[in-house]
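Let's take a walk through this one together, from the overall fold down to a handful of individual side chains. Have the viewer open and follow along.

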Amino acid sequence: MEVSALEWGITITVTCAVLLFDVILIARRPHVPSMRECTIAFIIYMAAAGVFGIWTWGFHGQEYGVDFYTGFIVEKSLSVDNLFVFIVLMSALAVPRKYQQEALMVGIILALIFRGIFIALGYALIENFSWVFYVFGAFLIYTAVNLLRSYRKHEEQHPEDSKVVEFSRKHLNVGDNWHGLKLFYKENGVRYASPMLIVIIALGATDLLFALDSIPAIFGITQEPYLVFTANVFALMGLRQLYFLIGGLLQRLVYLSLGLSFILAWIGAKLIIHALYKSGVLDWEVPTLLSLAVILVTLAVTALASLAKTRSDERTEVAATDSTTPAPKPKD
């Protein structure tokens, strides 16, 4: 794929401009966004991703257009799963609702930085060492198995209890007052770290772990660094709005980790097959269109099964409540 320096320059400039606009807008007026505000912004971001895919398809060919859409869907799916961890984190650290936008914005910027670093490292590795595909594939299958085990054991994630956060709390004089993105403040002559600093540290540690899963997954779809980068950018854009739009819905996607487990295992197997194809052992590799179809069907089945399960549980709960409610006494 031939990508000019101008294309790279425009892409990075527009990405930075959008992030800067968001940062300025949020910092000037910390608030809880309305559903209308979030819906409009999310639709704009998703439409931008759709238009970019069409542009890629038209200017670089169908293969790269399909690669972008597939990579974008995979990264968006993983990002939605990450949102659940963010919700747990915000609740556990008692982040005031009006400052959650700021925390999420910093988290998204950190995610872009970490993913940019991992994209560069990943691309350097696959360009110089073909066996890295086996490592990436095995790692994704291992991650898929861990997701499955966590689901079966009903293990809950507690990012606020990580070693990094624990170390930070011990060595920083953390105060009780929130001052938005002002990370340090003085009170009665004593210098305190704002609780927001702990939130940012926790988000950064979480983003780092997510990048370890995310980048091998996207390299399982395409090895083009431009598509890997743009798929990640568009997947992260609109994530802040999605947090406020579907916070409650995420609790209903009870089978999401199972769906993602299957997708990661599929991509891991695809990477291993790709490595065997590159080494001449196989004369066939998994087409991206087939992967796109598998991913879309998996996500659709996961969403429908999750919603059916939660509705069934709610009906069962209502029926149990009704059966235990004593009947009203007849009037004399």
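Start with how the chain is connected. Residues 24 or more positions apart account for 79% of the contacts in the protein with a separation of 6 or more. Keep in mind as you look around that this is a predicted model.

Now for the elements themselves. The protein has twelve helices and two strands, and from the N terminus they run α-α-α-α-α-α-β-β-α-α-α-α-α-α. In other words, six helices come before the pair of strands and six come after it. Along the principal axes, the C-alpha atoms fill a box of roughly 85 × 65 × 40 Å.

What about inside versus outside? There are 332 residues in the protein, and 44% of them count as buried. About 17600 Å² is exposed, with carbon and sulfur atoms supplying 66% of that area. As for charge, the protein carries 25 positive and 27 negative charges, and the mean positions of the two sets are 8 Å apart.

Next, swing over to the second largest pocket, which holds about 420 Å³ of space. Helix 3 (62-92), helix 4 (100-128) and helix 11 (256-278) are the elements that each give two or more residues to its lining. Helix 11 provides the largest share, five residues. The lining comes to 21 residues, and if you want to find the centre, look for E63, I221, Q223, H274 and E285, which lie nearest to it.

Time for some single residues, beginning with Y45 in helix 2 (residues 35-60). Is Y45 buried or exposed? Its relative accessible area is 14%, and buried means under 20%, so Y45 counts as buried. Leaving aside residues up to four places away in sequence, Y45 touches V18, D22, F234, M237, G238 and Q241. Pick out M237 from that group: it sits 192 residues from Y45 in sequence, yet the two C-alpha atoms are 6.4 Å apart in space.

V199 makes a nice companion case. You'll find V199 in helix 7 (residues 195-219), and it counts as buried because its relative accessibility is 1%. Beyond residues up to four places away in sequence, V199 touches L89, L93, V95, A103 and W178. Here the sequence and space numbers read another way: V199 and Y226 are 27 residues apart in sequence, and their C-alpha atoms are 31 Å apart.

Finally, drop down to the strands. F184 is found in strand 1 and is partly exposed, with a relative accessible area of 35%. Which residues does F184 touch, once those up to four places away in sequence are set aside? They are R191, Y192, A193, S194 and L197. M196 is twelve residues from F184 in sequence, and the C-alpha atoms of that pair are 9.1 Å apart.

Between strand 1 (184-187) and strand 2 (190-193) there is a loop, and N188 is found in it. Check the backbone there: phi of N188 is near 55°, a positive value in a residue other than glycine. N188 has 78% relative accessibility, so it counts as exposed.

Conventions:
Residues numbered from 1 in each chain as written. Predicted model: local features only at pLDDT ≥ 70, side-chain atom pairs only at ≥ 80, totals over all residues. Heavy atoms only, no water. Helix = DSSP H or I, 4+ residues; strand = E, 2+ residues; numbered from the N terminus. Buried < 20%, exposed > 50% of the residue type's maximum accessible area, 1.4 Å probe, protein only. Contact = heavy atoms within 4.5 Å. Areas by Shrake-Rupley, 256 points an atom, 1.4 Å probe, with all protein chains shown as cover. Lys, Arg positive; Asp, Glu negative; His and termini not counted. Charge placed at Lys NZ, Arg CZ, Asp CG, Glu CD. 1 Å grid on protein atoms, 1.4 Å probe; cavity = no way out; pocket = protein on both sides within 12 Å on 5 of 7 lines; lining within 4 Å. Points joined across faces, edges and corners; volume = space filled by probe spheres on them.
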